[in-house]
Amino acid sequence: MPAPALLAVGLVLGLLILLPARRLRLAGFGGTAIATYAAVLWALAFFLALRPVATRFLVPILLLAYLAPFVVAPARLSRIVRRVRGPDDSDDGPPRPPVKNVTPPDPPSGPP
């Protein structure tokens, strides 16, 4: 493959890997773990694009590694953040101020 084609393949793979990396970030994973995940996934996918020798071995691994953040991350996040809320504990912060009525008053009714 010529160098511009390799660069294009690398950039496309990098953009595709940003999707599950963002999902991992939203699930609360650290930056180091996400960078390691993205680098390993990109390297495996780039190796597969260059030398499709280990296709039977790498394709299932790449599919699992790519789809896992969309399936596993929400369950892991709910396990970490799970809390028991009381009946009147709807917020963690300070109590909210009452809603301000900004509706203009009705005009006085009477004979014109």
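A search of the whole structure, which is a predicted model, finds two aromatic pairs. One of them is formed by Trp42 and Phe46, whose rings are stacked, with 4.8 Å from centre to centre and 10 degrees between the planes. These two residues are separated by about one helical turn, because they stand four residues apart in helix H2, which covers residues 31-50. Trp42 counts as partly exposed, since its relative accessibility is 32%, whereas Phe46, at 17% relative accessibility, counts as buried, because buried means under 20% relative accessible area.

The rings of Tyr66 and Phe70 also pair, but here the centres are 6.1 Å apart and the planes stand at 55 degrees, so this pair is tilted. Both residues belong to helix H3, residues 55-81, where they lie four residues apart, or about one turn of the helix. Tyr66 is partly exposed, with a relative accessible area of 24%, and Phe70 is partly exposed as well, with a relative accessible area of 38%.

We can now return to helix H2 and look at its contact with helix H1. The axes of H1, which covers residues 3-26, and of H2 come within 9 Å and cross at roughly 145 degrees, and this crossing is right-handed. On the side of H1, the residues that make the contact include Leu6, Val9, Leu13, Ile17 and Arg25, while those of H2 include Ile34, Tyr37, Leu41 and Ala45. Trp42 and Phe46, the residues of the stacked pair, are also among the H2 residues in this contact. Taken by kind, the residues of the contact of H1 with H2 divide into 16 nonpolar, three polar and one charged.

Terms used. Residues are numbered from 1 along each chain as its sequence is written. This is a predicted model: local features need pLDDT of at least 70, side-chain atom pairs count only at pLDDT 80 or more; totals for chains, interfaces and linings use all residues. Side-chain values use heavy atoms; hydrogens and water are left out. Rings of Phe, Tyr and Trp (its six-membered ring) pair if their centres lie within 6.5 Å; planes under 30 degrees apart count as stacked, over 60 as edge-to-face and the rest as tilted. Buried means under 20% relative accessible area, exposed over 50%, partly exposed in between (1.4 Å probe, protein chains only). Axes are lines fitted to C-alpha atoms, for helices over the stretch in contact, and angles run from 0 to 180 degrees between N-to-C directions. A crossing is left-handed if the near helix is turned anticlockwise from the far one by less than a right angle, and right-handed if clockwise. Contact means heavy atoms within 4.5 Å. Ala, Val, Leu, Ile, Met, Phe, Trp, Tyr, Cys and Pro count as nonpolar, Asp, Glu, Lys and Arg as charged, and the others, Gly among them, as polar.
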